[in-house]
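Here is my note, as promised. Keep the viewer open while you read, and go through the points in order.

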Amino acid sequence: MKSISVKQAVVLLITGLLLISSPNVGTAESLAGSKGDVRFYPYFPATADRPCTKAYKAYVAASGHSAYATTPYSRVRSLYILCGSRLNAPSQKAAEDMAMKSCQATRNRYKVTTGGACEIAASK
């Protein structure tokens, strides 16, 4: 039987530990179809052709880091729901920041003062 030097044994041991501890290194999963980190479930009107419903469906279908921001739904219904989204951003944090900016820009455009502030509903 051939003897192994201590140096070779250490190298083999470290290589084995690295392979065991990082099984998903190098494999990137698509985020398409995932709802990601849901902070609260957004309210959607009954009709599927509304802009915020379409934006949320596009968010779920997006394959990269994305976020969906909306005004929260409360027990007292507002006459409107405002939203913003960012699809396929470089990172989850960047997607959240851009979705918030989009939602806030919508609030400012329509000069809305009631209905609550924009919040990140979900991100991935």
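1. Start with Tyr68, which counts as buried, since its relative accessibility is 0%. Here buried means under 20% relative accessible area, exposed means over 50%, and partly exposed lies in between, with a 1.4 Å probe and protein chains only. The strand around this residue, β2, is mostly covered too, with 5 of its 6 residues buried.

2. A word on what you're looking at: this is a predicted model, where local features need pLDDT of at least 70 and side-chain atom pairs count only at pLDDT 80 or more, while totals for chains, interfaces and linings use all residues. Residues are numbered from 1 along each chain as its sequence is written, and side-chain values use heavy atoms, with hydrogens and water left out.

3. Now the overall plan. You should find 3 helices and 4 strands, in the order α-β-α-β-β-α-β along the sequence. Helices (H or I, at least four residues) and strands (E, at least two) are DSSP runs, numbered from the N terminus. The protein has 124 residues, and 27% of them count as buried.

4. Next, how does the chain fold back on itself? Take the contacts between residues at least 6 apart in sequence: 65% of them join residues at least 24 apart. A contact means heavy atoms within 4.5 Å. The accessible surface is about 8600 Å², and 60% of that belongs to carbon and sulfur atoms; such areas come from the Shrake-Rupley method with a 1.4 Å probe, and for residues only the protein chains shown count as cover.

5. Go back to Tyr68 and look for its ring partner. The rings of Phe44 and Tyr68 have centres 6.3 Å apart and planes at 50°, so this pair is tilted. Phe44 lies in the loop between β1 and α2, Tyr68 in strand β2, and 24 residues separate them. For the terms: rings of Phe, Tyr and Trp (its six-membered ring) pair if their centres lie within 6.5 Å, and planes under 30 degrees apart count as stacked, over 60 as edge-to-face and the rest as tilted.

6. The structure holds 4 aromatic pairs. Another of them joins Phe44 and Tyr56, with centres 5.0 Å apart and planes at 45°, so that pair is tilted as well. Tyr56 sits in helix α2 (51–61), 12 residues from Phe44. Is each ring residue buried or partly exposed? Phe44 counts as partly exposed at 26% relative accessibility, whereas Tyr56 is buried at 9%.

7. Ring pairs join Phe44, Tyr56, Tyr59 and Tyr68 into a cluster. Look at Tyr59 for one extra detail: the charged end of Lys124 sits over its ring, 5.0 Å from the centre. A charge sits over a ring if NZ of Lys or CZ of Arg is within 6 Å of the ring centre and within 35 degrees of the ring normal.

8. Now trace the strands. Which strands pair with β4? Strand β1 (residues 37–38) does so in the antiparallel sense over 2 bridges, and strand β2 (residues 65–70) is also antiparallel to β4, over 4 bridges. Two strands pair if DSSP finds at least two bridges between them. Ser123 in β4 stands opposite Asp37 and also opposite Ala67. Further along β2, Thr70 is opposite Glu119 in β4.

9. On its other pairing, β2 runs antiparallel to β3 over 5 bridges, and there Ala67 stands opposite Arg86. Strand β4 (residues 119–123) is largely enclosed by the rest of the structure, because 4 of its 5 residues are buried.

10. Ala121 belongs to strand β4 and counts as buried, at 0% relative accessibility. Leaving out residues up to four places away in sequence, Ala121 touches several others, including Pro42, Tyr68 and Ala69. Val38 is 83 residues from Ala121 in sequence, yet their C-alpha atoms are 6.0 Å apart.

11. Last, helix α3 (residues 92–109). This helix has 18 residues and spans 26 Å from first C-alpha to last, close to the 26 Å expected at 1.5 Å a residue; the expected span is 1.5 Å times one less than the number of residues. Its buried residues include Ala95, Ala99 and Cys103, and the buried residues of α3 pack against β2, β3 (83–89) and β4. After α3 comes Lys111, whose phi is positive, near 55°.
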